Amino acid sequence: MYKSINLFLSALTAFVITSAAMTVFPVNAVEESEASSVTSSAKADLTYYDEEFKAPYKCADFMAWKDDNDNGEATIVHNSVGNYYVCSWDSTRLAEFLIGEGNVQNIDDVRDCFVKYEAALEGTESYAVGAAAEGLDLKNKKTAEIRVIDTYTEDAFTEDNNNSKMISINGVDYCVSITEERKTPVEVIYIVRCESSDSENISGLMDFKAIDAALKDKGFRIRIETQPKLYVRGTGKKGSIFVNNVTLTNVPHKDSIRVPNVHGEYRPFWYKGQYYSYSMQETDTHSGMTVSDDGAAYCTYDNKYSYSDSQFLRGIYDKNAVSFDEYEKMNVHYEAEIRAKDKYAVGVELFDKSSATSIYIAQFSNTKDFVDDGHDRADVKYLDCVEVDGIKYDIYSRTFNYESCMNLPGPQIWCISQVSFEQENYGAVSDVDLRKHYDIWLKNYLKDTNEINDILIFAESFGIGSGEFDLKKADFDLVKTDDAYDRVIDNTSLNAPAEPIIEGGSMVFCTENGKCTLKKDGTIIGECFQNYDDSVFKFGKSMNFEMEDEQINDKKGDFINMNYIANISTDGNYSIGAEGRMRDKDGDESIEFYMYPTLNYNAVPKEAEYLGTKDFTDREYDIYVYYDDNIVDSGGKKKAKYYCIAKDKTPNNTISSGNIYLADAVAAWKKAGLEVGPITNAALNANICGIGGGEIELVLNDIIVERVNRENFTSDDICLFQKYLLGEKCDLKGKNFDLNYDGVFDNFDMIELRRQVRNYY
């Protein structure tokens, strides 16, 4: 039930106008949780480094207010060392507090805007916690205050459902109403959470961009123009609220990200869960694709020749094929702006890897001439006319003469709407039911399979000309019958960390600040938003080898390999690779190791010692060691960290893959003079670092452990050993005799084999 605020806030509004103290602060839907141990421990004694300020008081970082005619007291205590605040009131009619630095800031100038806080109630019966900000109501042409009330007691409000609209923010309902309070020249916009918590400990992560989007979606034209601040109000006779760890985070818009031209090579670009690419023969600086923060792709082409073909793609694809039998729903919604007068087509592209066939459903075009205009010397054949959702389509096949030239596209199927669009500038909106297309005609052209690998929005121009396409929106609604199988570890709240998932002898986990999802196909998706420069969100798959007989010992021929494919979209730094622990010569787990083949920065401490460069099987690595002076055991031994860091860095938005041979790294560390021992833990991890958001999909994440059982040597192995030494032909019969694990079978392996045979016999 929506509960609106009484008019006692009008006095505060008058104070705000005269002192310019209030700033706007909408709040995102937040789940309440128990206070963290930090809050519980910090609220006990508020004495050391405390500074007390009596209302009315205002400074750059906080404000406390009560009416001059109010005989009660209101104070705010600030502890600059503990970075906490205590808001208290006694015998006041109304006490109000704002916490946070006040800056002018248009909400449209930032991509993300969050406030994170914890609070504990201390004998408080009537209160509200939320946010406040200044702005403009462009529709009514008035200055406005936006007050978001997220947590409150019911006696602070009276029910009023008459002049309000409901909005939903991240799945939680709020009511919005606009009022004009007495003696104030501004209107007040209340955004009140429909259901409030009655917990003594509250916390929140407040998302102002979500509030802004929800208001616009309901027709409000509100412009938020100041830095958000935390808002605390005491309405009871006496109370106190302890506020701990207020964090204001603003992530500015990126410059538009330039997508590389993939013509003649494969360089995937991945951003916020979708794949982007464009291909054109010319390398004109005026042509290309850029992607904005919201995922919209802005595409320009300037074709110089009659054989030119510029193609722009945005969508999803899977390392495994998507089966029409497996999905009960396969819908695509897209929106595009088309500014082109030359030959073009816009629609949905599918790719069938098994037959290397591209299938185009062209719903917007100004001609069908491009199908057979000779721009790429295709052999064209008219196949059929079909009707889907009341629209008639002509179907053509296009194949190529590979005997004369191998550098040609694979076969193509074009399904082209008979509706021709004569406008040079218009918006294109479409919903495509792929299952309907499959049932009516598509199944006839997928040859021996009913599977596809890619589902993409495409815009393509043919021949001489120039123009633009904006692929503004692309939503893919693909529903499997058993999608509920996905399991989620959510560590975004301030509660105790969620339990990891035990799966097939390994552990899937994630740390705080984010969540990870284990999908049925084995994909692990990690996503986070972080508030600090030094924040690290870690997720992945881990295996422990704690018992002595389980440990991975290279001296005994044991080894660990890892294979991965990762879709990466991050704001800041990241790394993907192997992490773990190994024992030293004393048997202590004092060594941590890191081997990162995929990363976008030098992920080693500044004090780390560079030991050289080594070219492994897949790429070149820099070798480092770091001894942590801050972690020393009782014997004076420092914690050691070994690093193998790929010399070539990867971009923030890409698709990366690789094979990790941990034995290569162990051998390199050993050759550099470092101490190595049995591995007790190994993980295939992804790390997202710093302020901002990030998402990484580990679509392949295999950890392969192999051990050599030395008790399986027989007289046949000895004969094999003798043959090798005599230079005779040797049949290894599938045995792994690369015993020193240097990637080859040579005399050094024979020396190791001889030692092991001697020890055994």
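Visitor: How far apart are N and O where the side chains of Glu-468 and Arg-339 meet in a salt bridge?

Guide: This is a predicted model, where local features need pLDDT of at least 70, side-chain atom pairs count only at pLDDT 80 or more, and totals for chains, interfaces and linings use all residues. Residues are numbered from 1 along each chain as its sequence is written, and side-chain values use heavy atoms, without hydrogens and water. In the salt bridge (a side-chain nitrogen of Lys or Arg within 4 Å of a carboxyl oxygen of Asp or Glu) between Glu-468 and Arg-339, the N to O distance is 2.8 Å.

Visitor: Why does this pair of Glu-468 and Arg-339 tie together parts that lie apart in sequence, and by how many residues?

Guide: Glu-468 belongs to strand E33 (residues 465-480), strands being DSSP runs of at least two residues, numbered from the N terminus, and Arg-339 belongs to strand E25 (residues 327-339). The pair therefore joins parts whose separation in sequence is 129 residues.

Visitor: Is Asp-470 buried or exposed?

Guide: Asp-470 also forms a salt bridge with Arg-339, with closest N and O atoms 2.8 Å apart. This pair links strand E33, which holds Asp-470, to strand E25, which holds Arg-339, across 131 residues. With a relative accessible area of 9%, where buried means under 20%, exposed over 50% and partly exposed in between (1.4 Å probe, protein chains only), Asp-470 is buried.

Visitor: Which residues are linked with Arg-111 in a network of salt bridges?

Guide: Arg-111 forms a salt bridge with Asp-112, the closest N and O atoms being 3.0 Å apart, and both of these residues are buried. The network that includes Arg-111 links it with Asp-112, Lys-254 and Asp-571.

Conventions:
Helices (H or I, at least four residues) and strands (E, at least two) are DSSP runs, numbered from the N terminus.
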